[in-house]
Amino acid sequence: MSTLVILAHPNLETSRVNKAWKEALEQHHEVTVHDLYATYPDFKIDVTREQQLLVSHDRIVFQFPFYWYSSPALLKEWQDVVLSYGWAYGQSGTQLHGKEFVLAVSTGGPADAYRPDGYNRFMMEELLSPFRAMANLTGMTYLPPYIESGVRTLTAEQLELSARHLVEHVTEVHLIRK
Ligand SMILES: Cc1cc2nc3c(=O)[nH]c(=O)nc-3n(C[C@H](O)[C@H](O)[C@H](O)COP(=O)(O)O)c2cc1C
């Protein structure tokens, strides 16, 4: 099972969580970490290269810090240009069919903020539904996301544990196949 992690963090130098996740994921022999902001600082995405990367992996992971209830902008641009009609969806757009899709998201807000009675009002499940819809339209199986909430207060030990759990989550073959 080969896994492609598409990482979108605009400022990895100041990151704690996504940097720790990236470093842990890079240790795994079946995981390719693809850092979008490092590869395309000018937002000019090489669509052919991205599509080849997708085709050559079985499981696709989007890893990012939650920004305004969604992903950082480059990942949205990536979706807009890479997941094209006739390639990822629509007539003969079957290139991603049968692949698995996993989200790995860190949030500044604590878990209890993401409830109808919390200050963010909506569940993470609801806020992440555009990604689920994307997986559905492109024929990928949406697997349970890995969400680390309230990350500002994570201790060094919790951070290390989080990275270990993330690697287990995204590489676990039986994860979750239903
Ligand atoms: C522009 C911006 C928007 C953000 N929006 C949200 C948000 O909508 N919800 C949330 O819980 N945290 C939000 N945050 C906090 C980030 O999710 C948090 O800093 C990040 O997950 C920490 O990961 P890192 O250590 O890898 O940078 C935002 C941060 C920035 C800079």
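In the predicted model, helix 1, which spans residues 17-26, contributes Val17, Asn18, Ala20, Trp21, Lys22 and Leu25 as buried residues. The cover over these buried positions includes strand 1 (3-7), strand 2 (31-35), strand 3 (59-65), strand 4 (100-106) and strand 6 (146-148), together with helix 7 (156-171). Several of the residues described below belong to these covering elements, and two of them, Leu7 and Gln63, have contact lists that include Asn18 and Lys22 of helix 1.

Within strand 1, Leu7 has a relative accessible area of 0% and is therefore classed as buried, the limit for that class being under 20%. Residues up to four places away in sequence being set aside, Leu7 touches Leu12, Asn18, Lys22, Val33, His34, Asp35, Leu36, Tyr37 and Gln63. Among these partners, Asn18 and Lys22 are themselves buried in helix 1. By contrast with these contacts, Leu154, which is 147 residues from Leu7 along the chain, has its C-alpha atom 21 Å from that of Leu7.

Gln63, a residue of strand 3, likewise has a relative accessible area of 0% and is buried. Apart from its neighbours within four places in sequence, Gln63 is in contact with Val5, Ile6, Leu7 and Ala8, with Asn18, Trp21, Lys22 and Leu25, and with Ala104. Asn18, Trp21, Lys22 and Leu25 are among the buried residues of helix 1, and strand 3, in which Gln63 is placed, is one of the elements that cover them.

Strand 6 is represented by Glu148, which counts as buried because its relative accessibility of 17% falls under the limit of 20%. The side chain of Glu148 makes a polar contact of 2.7 Å with the side chain of Ser162. When residues up to four places away in sequence are not counted, Glu148 touches Trp21, Val105, Ser106, Thr107, Leu154 and Ser162, and Trp21 is one of the buried residues of helix 1. The C-alpha atoms of Glu148 and Leu161, which are 13 residues apart in sequence, lie 11 Å from each other.

Two histidines were also examined. His169, located in helix 7, is buried, with a relative accessible area of 17%, and its C-alpha atom is separated by 7.1 Å from that of Tyr146, a residue 23 positions away along the chain. His57 is placed in the loop between helix 3 (47-55) and strand 3, yet it too is buried, at a relative accessible area of 7%. A polar atom of the His57 side chain lies 2.8 Å from the backbone oxygen of Leu53. Beyond its neighbours within four places in sequence, His57 is in contact with Ser2, Thr3, Leu4, Thr32 and Lys99.

The ligand occupies the space of the largest pocket. It is surrounded by 17 residues, of which Ser15, Asn18, Phe66, Ser106 and Tyr114 come nearest. Asn18 is also buried in helix 1, and Ser106 is one of the residues touched by Glu148. With respect to polar atoms, a polar side-chain atom of Ser15 lies 2.6 Å from an oxygen atom of the ligand, and an N or O atom in the side chain of His9 is 2.8 Å from a ligand oxygen atom. The backbone is also involved at Gly109, where an N or O atom lies 2.8 Å from an oxygen atom of the ligand. Taken alone, the ligand exposes 630 Å², and the protein buries 74% of that area.

Two loop residues are notable for their backbone geometry. Phe43, in the loop between helix 2 (36-39) and helix 3, has a positive phi of about 65° although it is not a glycine. Tyr69, in the loop between strand 3 and helix 4 (73-82), also has a positive phi of about 65° without being a glycine. Phe43 is partly exposed, with a relative accessible area of 34%, and Tyr69 counts as partly exposed at 36% relative accessibility.

Key:
Residues are numbered from 1 along each chain as its sequence is written. This is a predicted model: local features need pLDDT of at least 70, side-chain atom pairs count only at pLDDT 80 or more; totals for chains, interfaces and linings use all residues. Side-chain values use heavy atoms; hydrogens and water are left out. Buried means under 20% relative accessible area, exposed over 50%, partly exposed in between (1.4 Å probe, protein chains only). Helices (H or I, at least four residues) and strands (E, at least two) are DSSP runs, numbered from the N terminus. Contact means heavy atoms within 4.5 Å. A residue is near a molecule or strand if one of its heavy atoms lies within 4 Å of it. A polar contact is a pair of N or O atoms within 3.5 Å; within protein, one must be able to donate a hydrogen and the other to accept it, and residues adjacent in sequence count only if both atoms are side-chain atoms. Accessible areas come from the Shrake-Rupley method with a 1.4 Å probe; for residues, only the protein chains shown count as cover. On a 1 Å grid over the protein atoms alone, a cavity is a set of points where a 1.4 Å probe fits but cannot get out, and a pocket is an open set with protein on both sides within 12 Å along at least five of seven lines; lining residues have an atom within 4 Å of a point. A molecule sits in a cavity or pocket if more than half of its atoms lie within 2 Å of its grid points.
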